[in-house]
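Visitor: Please pick one part of this molecule and take me through it closely. I'd like to hear which side chains meet there and how the pieces connect to the rest of the chain.

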Amino acid sequence: SSLSSSRPRSHPPSAMRTAVLAIAALTLPGAEALALGAPLRPALAPARLAIPTMAYNPQPSKARPRKAKSKEPKEKVKGPQSAAASLQLVPEQTFWEGPPSITETIIPGLSLFTVIGVIPFGASLARQAWTRYKLTNKRMEVKSGFQGKDVVQITWREVSDVKWLRRFGGSAGDCVFTLRDGAKLEMRSLPEFDRNLKFIMDQLSEGVAEDSGYPDAPARAFLEKVANGEEPPVELPPLEESSSTEVVQ
């Protein structure tokens, strides 16, 4: 029992000793900390440099890059002019203008021997006074009605068909023009019929004269006279003469 009491006893490290050793391991150099019995700190590994990687966008943006605005004037490319545009550049010239043929008053004049004949004769005289026809290289104009206040104008490209009928041996005739919208325009007792009819057919759109049956037999005879020099050619007057005539009117 005496031997056992004299032998020193081993005691477990207290909490305070553990705290002191931990502080020494953190603050003191390695040799001093090892002398006090503190565990060594593991050496820190050197930091690795981050390797740059390419970013990839699985859904690219739909925004389009903006185009740089240039202040230079743009060059306008002009295409070939249409037939209507080229016609507008041509000055308008009058081929013929006047009243209906005087021959339309012959039959109403013969009816004056009867009382009823006064009315148609008076109507024919009114037409001579108020009705006017005008043919130009761009349009056709018809003035009619009381004092010629009803004015109808159509361009030649509107006409799709022409019907005609000669009167008094071809000195006059009637024409009925059918337009592309289905409307009709009538010219009764047109004087100098074959000459004016030839000019009208020359102004129509391509193929309309052939579809209308022109030239017929009297028209071919007239064209032969023109070719032989018996009749003057069917053409517009010179531009200066035409413009001076319109100014005087």
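Guide: Happy to! Let's start with a charged contact: Asp161 and Lys163 bring their side chains together in a salt bridge, with 3.9 Å from N to O. Please keep in mind that this is a predicted model. Asp161 has a relative accessibility of 18%, and because buried means under 20%, it counts as buried.

Now to strand 5 and its partners. Arg166 forms a salt bridge with Asp216, and here the closest N and O atoms are 2.7 Å apart. This contact joins distant stretches of the chain: Arg166 belongs to strand 5, while Asp216 sits in the loop between helix 8 and helix 9, 50 residues apart. Asp216 is buried too, with a relative accessible area of 18%. As a general point, side chains of opposite charge can pair when their charged atoms come close. The whole structure holds 9 salt bridges.

One of them makes a useful comparison. Glu92 and Arg139 form a salt bridge whose closest N and O atoms are 2.7 Å apart. Glu92 lies in the loop between helix 4 (83-89) and strand 1 (94-98), and Arg139 is in strand 3, so this pair ties together parts that are 47 residues apart in sequence. Glu92 is partly exposed at 29% relative accessibility, whereas Arg139, at 18%, is buried. Both residues also belong to a network of salt bridges that includes Glu141.

Let's turn to the rings, of which the structure holds 3 aromatic pairs. Trp130 and Phe146 make one of these, an edge-to-face contact with 5.0 Å from centre to centre and 70° between the planes. Since Trp130 is in helix 6 (residues 118-130) and Phe146 is in the loop between strand 3 (139-144) and strand 4 (150-155), the pair ties together parts 16 residues apart in sequence. Trp130 is partly exposed at 33% relative accessibility, and Phe146 is exposed at 54%.

The next pair brings us back to strand 5. Trp164 and Tyr214 have ring centres 6.1 Å apart and planes at 75°; because planes over 60 degrees apart count as edge-to-face, this pair does as well. Trp164 is in strand 5 (residues 159-167) and Tyr214 in the loop between helix 8 (208-211) and helix 9 (217-228), so the two are 50 residues apart. Trp164 is buried, with a relative accessible area of 18%, and Tyr214 is buried as well, at 11%. The strand 5 stretch and the loop between helix 8 and helix 9 are thus joined by a ring pair and by a salt bridge.

Finally, the sheet around strand 5. Three strands make an open sheet in the order 5-6-7, with antiparallel pairing. Strand 5 and strand 7 (184-191) are its edge strands, each pairing on one side only. Neighbouring strands are turned by 15° against each other on average, ignoring direction. Strand 6 (residues 172-179) and strand 7 pair in the antiparallel sense over 6 bridges, and Glu186 in strand 7 is the bridge partner of Val176.

Definitions and conventions
Residues numbered from 1 in each chain as written. Predicted model: local features only at pLDDT ≥ 70, side-chain atom pairs only at ≥ 80, totals over all residues. Heavy atoms only, no water. Phe/Tyr/Trp six-rings, centres within 6.5 Å; stacked < 30°, edge-to-face > 60°. Helix = DSSP H or I, 4+ residues; strand = E, 2+ residues; numbered from the N terminus. Buried < 20%, exposed > 50% of the residue type's maximum accessible area, 1.4 Å probe, protein only. Pairing = 2+ DSSP bridges. Axes fitted to C-alpha atoms, helices over the stretch in contact; angles between N-to-C directions. Salt bridge = Lys/Arg side-chain N within 4 Å of Asp/Glu carboxyl O.
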